[in-house]
2 protein chains.
Amino acid sequence: MSDQGDDLDLDAPRELTPLKAKRLKLHTQRESIAIVNERCTVARSEGLTERARVELRIEERQAIARLYQVDDTMVATDEIGLSETAWQKLGLNEGDELTLHHPRSISSLGGLRRKVYGHRLSAGHAAEIFRDIVDGRLSDVQISAFISALASQPPEVSEIVALTQAMVAIGDRLTWPDNVVVDKHCVGGLPGNRTTPIVVSIVAAAGLTIPKTSSRAITSPAGTADTLATLTRVDLSGEEMRQVVEQQGGCMVWGGGVELSPADDLVIRVERELELDCTSQMVASVMSKKIAAGSTHVLIDVPVGPTAKVRSQAGAEELAAFMKGVGEAFGLHVETIITDGLQPIGDGIGPALEAHDVLAVLECERNAPRELRQRALNLAAVILEMGAACPPGQGKSTANAILDDGRAMRKFVAICKAQGEFRRPERARFQHVIECERSARIASIDNRRLARLAKLAGAPRSPAAGVVIHVNIGDPVEAGQPLITLHGESIGELEYALDYYRMNTDLIEKFAK
Amino acid sequence: MSDQGDDLDLDAPRELTPLKAKRLKLHTQRESIAIVNERCTVARSEGLTERARVELRIEERQAIARLYQVDDTMVATDEIGLSETAWQKLGLNEGDELTLHHPRSISSLGGLRRKVYGHRLSAGHAAEIFRDIVDGRLSDVQISAFISALASQPPEVSEIVALTQAMVAIGDRLTWPDNVVVDKHCVGGLPGNRTTPIVVSIVAAAGLTIPKTSSRAITSPAGTADTLATLTRVDLSGEEMRQVVEQQGGCMVWGGGVELSPADDLVIRVERELELDCTSQMVASVMSKKIAAGSTHVLIDVPVGPTAKVRSQAGAEELAAFMKGVGEAFGLHVETIITDGLQPIGDGIGPALEAHDVLAVLECERNAPRELRQRALNLAAVILEMGAACPPGQGKSTANAILDDGRAMRKFVAICKAQGEFRRPERARFQHVIECERSARIASIDNRRLARLAKLAGAPRSPAAGVVIHVNIGDPVEAGQPLITLHGESIGELEYALDYYRMNTDLIEKFAK
């Protein structure tokens, strides 16, 4: 080693100049960002440039961050400014000193590239990739390539098994004393299809164990966890979840909180930006959570319709087969039920609006959405029989009785209270009614564009936002009769939604009467 | 529209509260970032959250940025902090007021998703996608999905034509008075293969028009533009490039500066993070620049070797066929030459080190890398004949004469001066010689790992960094004889390179003698 010819001992331990950590209080949604001064000698001597990925180290802790540079006083030359995510990950206190490094080479990039080039993921590569996603070593740009590569190939059971295994391995895994632990999942894409709280209440009231975790919305206006969050606390830890289930037989918590699938929301964040759902990733995500939750018997509901997530009977059967195939590989008994996904299920679309529908069914209100009630009863019936909570053939009558005599609602409130509280969901600040322009008959309802409408109104970010749909397919309507009510927390959002509706008035198609 | 029941007129123009632009002097490598205070009422009332994509507007100008939030004094509640890229794009002055909006929906995402799901890109979708990339409407996460989807399918001429057309359409397009305008391109992957400056000098000295643009490195330790930047100014505008070509017959400029292909470096930035090259994108990128540069006759050099970018004769022929097929669709005469890519061409790998090799050839130094000289002469010979600058069959002798009698070097210096200056490249601050441990014979050299070594040493970010290789395949070597010299601007980088070498001593394989 020579400096203009002079030898320099590379093997002697170098003194790495530490930088003082500065908390920028910058909120980035789980993205680690580091900002150094352009004249920072450490970054210079390490040859680090703007937008580089860097490794931050303090004692035994480390984090990968994206580096930006500033030639201003925001960060001094001996400081390093950090986003909240990086700050929390490193467990820092103001003034702590940390060192800045080139990241060690990311070995999972090899497997990721193989995947991009069309090879099937091996279990080893999948494990590496998910480990690096959870550790924050892979950037969103890299995760995006991975998701896109997965979505670009037809799904295959063995690859989904590898993905599932990798996702189970990086999270916690629950075990239960019971031999039978039931669970359900709906593939989604059907606005307002919020059967979970009803099904869990009925099934737990019947004495079965159902440790249900749900997810936040990916591309939809509300995930079950978003809806539940308007009714109770959902961000329980694994230990808290265990206590609720031991006490009440069931729970309804957000999967992201219990660390059963810690890669999920990092992947979902990227899918959301791409407005993309990926079948392999979806099946692996669902099955890994069921496996991690310790389930033994799982019912998968696949709604089918031209504008649902699954559009054809063949597609639904294929998806059901993937779920069963992956379940089998892990010793789970999986049953699937393919349901009608022609139109929205409840009346409301959006977290709080759907919660109102759920309460109406649980409280057996006269104007509760009938379709939502019926679907929840059907699913509960199958699960009760799967779990042998009633004699074969008596699932329906058992489920009906539990709902109608108030046991389901009492169980629901008890579970909510065990999770922290039970509350009634709020209503949005602004509402706008869209009326029918002329008398007609409802021909069809476009679930996708209706979901988009609810999202433009602010769902799920604003929990009370969304749309309420007042008509069903086949209904006769008169001029001036309400078709849809938009709910929103800001005028701006309602305006975007209304603009969109005006360009898409055919999202509810009408026959002339 | 109702606020707790009261009607509100949505159609009345709303007063959008403007935010004061604050220049954060944040350097992000072309990423537009906006930071607002968490208590900023505008972001709140518009329902915008951290990491959202937002649209900034001032008068008729607009830019899309990624939004972060801060609960600190970095940005006041009536301010919006902007990265340099956003600042420049909006052409702001301190204190200018701008408004913050939800971005209009990104229509190109539809085409992007179709591509992810395995459909071939139509010309219309390709045009939409590239327009949105250049306008900054698509984020890096979205560009990554696009690149990954492209890379995941076998390339196809009609799709590459669509890509090429889209890339040509968004940039400038040059025209020349001459009927014959020649150009060359090397597919790369062969460290040190820096024939361009030599070929351009010979060809221009022979009187042909050769408006050469080159690119920066994607995944390699040096692109031709990186090498040229150590010798002259390369970031010329289209108009400056025209003047140089009119005066000298040829030029050697960076393609990114002349806006012939404005999407290129945004795409390359993502490819770099993925450490990925994509054939369709590469062919489209190359051909679009040739078309935009107004070329009529193009020679493509495809080096083949087990560790070159193209590994097999079949792969090279396929690539050559894509180049020809796309050229044909645009009326270009494309010839290809498949060359030996077994080992590095020059002695140096890294911008300045390769520039030293180029000068050695142009100045006919006795120890100039012979292989580099021979390759440059071969390519120049074909181009001279393609462009009818000499009688058929006399390309080689003509090229030889122009190089050996000093006309090529004089032309090179003249072009450099016309571009702004001619200078000798610098040497790196630190050097470390790796010696052979025992006497042996060189069996093989791994181009990929050698390139990685040069990158770890700091190339191309530090122009003088890289490696010099002192042996060729088949050479006998003695213990203590230099194999490689590492060049770097920082100890840190040399250490990374040396660590890597120690784990990869077989990157130069040796036979026992």
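**Close-up views of a predicted two-chain model**

**Figure 1. Register of strands β4 and β6 in chain A.** In this predicted model, A:A34 has A:L67 of β6(A) as its bridge partner. The pair belongs to a parallel arrangement in which strand β4 (residues 33–37) of chain A is joined to β6(A) by five bridges. Strand β6(A) is mostly covered, with eight of its ten residues counted as buried.

**Figure 2. The hairpin of β5 and β6 in chain A.** Strand β5 (residues 53–58) of chain A pairs with β6(A) in the antiparallel sense, and six bridges connect the two. Within this pairing, A:R57 is set opposite A:Q62 of β6(A). Two residues separate β5(A) from β6(A) in the hairpin, and A:E59 in the turn adopts a positive phi of about 50°. Strand β6(A) thus appears in this view with an antiparallel partner, β5(A), and in Figure 1 with a parallel one, β4(A). Strands of a sheet pair through backbone hydrogen bonds, in either a parallel or an antiparallel arrangement.

**Figure 3. Strand pairing across the two chains.** Strand β6(A) also pairs with strand β3 (residues 19–27) of chain B, in the antiparallel sense and over two bridges. One residue of this register is A:Q69, whose bridge partner in β3(B) is B:H27.

**Figure 4. The side of chain A that touches chain B.** Contacts link 63 residues of chain A with 63 residues of chain B. The elements of chain A that give two or more residues to this side include the strands β1 (2–3), β3 (19–27), β6 (61–70) and β15 (430–435). Helices are also among them, including α3 (108–116), α5 (140–151), α10 (264–274) and α18 (491–503) of chain A. Helix α5(A) gives the most, with eight residues. By residue class, the side of chain A that touches chain B divides into 23 nonpolar, 21 polar and 19 charged residues.

**Figure 5. Helix α10 of chain B and its surroundings.** Helix α10 (residues 264–274) of chain B has as its buried residues B:D264, B:V267, B:I268, B:V270, B:E271, B:E273 and B:L274. These buried residues pack against α5 of chain A, and also against α4 (123–134), α5 (140–151) and α11 (279–292) of chain B. An α-helix has 3.6 residues a turn, so residues three or four places apart point the same way. After α10(B) comes B:E275, with a positive phi near 50°.

**Figure 6. Relation between the two copies.** Chain A is superposed on chain B by a rotation of 180° with 0.1 Å of shift along its axis, at an RMSD of 0.1 Å. The two copies are therefore related as by a two-fold rotation axis. The same surface serves both copies, as 100% of the contact residues of chain A recur in chain B.

**Figure 7. The open sheet of β18, β16 and β20 in chain A.** Three strands of chain A form an open sheet in the order β18-β16-β20, with antiparallel pairing. Strands β18 (476–477) and β20 (508–512) of chain A stand at the edges with a single partner strand each, so one side of each is left without a neighbour in the sheet. Strand β16 (residues 440–445) of chain A runs antiparallel to β20(A), to which five bridges join it. In this register A:I445 lies opposite A:I508 of β20(A).

**Figure 8. Chain A as a whole, with its confidence.** Chain A contains 18 helices and 20 strands. Its C-alpha atoms fill a box of roughly 90 × 55 × 45 Å along the principal axes. The radius of gyration of chain A is 26 Å, which agrees with the value near 24 Å for a compact globule of 513 residues. Of the 513 residues of chain A, 58% count as buried. Among contacts between residues at least 6 apart in sequence in chain A, 77% join residues at least 24 apart. The mean pLDDT of chain A is 89, with 95% of its residues at 70 or more. In residues 1–9 of chain A, however, the pLDDT is below 50, and this stretch has 17 contacts in the model beyond near neighbours in sequence. Where pLDDT is low, the predicted coordinates should not be read in detail. The model has an ipTM of 0.80 and a pTM of 0.82.

Definitions and conventions
Residues numbered from 1 in each chain as written. Chains lettered and ligands numbered in written order. Predicted model: local features only at pLDDT ≥ 70, side-chain atom pairs only at ≥ 80, totals over all residues. Contact = placed C-beta atoms within 7 Å. Helix = DSSP H or I, 4+ residues; strand = E, 2+ residues; numbered from the N terminus. Nonpolar A, V, L, I, M, F, W, Y, C, P; charged D, E, K, R; others polar. Pairing = 2+ DSSP bridges. Rg over C-alpha atoms; globule rule 2.2 N^0.38 Å. Buried ≥ 20, exposed ≤ 12 C-beta atoms within 10 Å, placed from the backbone. pLDDT = per-residue confidence, 0-100. Least-squares fit on C-alpha atoms with pLDDT ≥ 70 in both.
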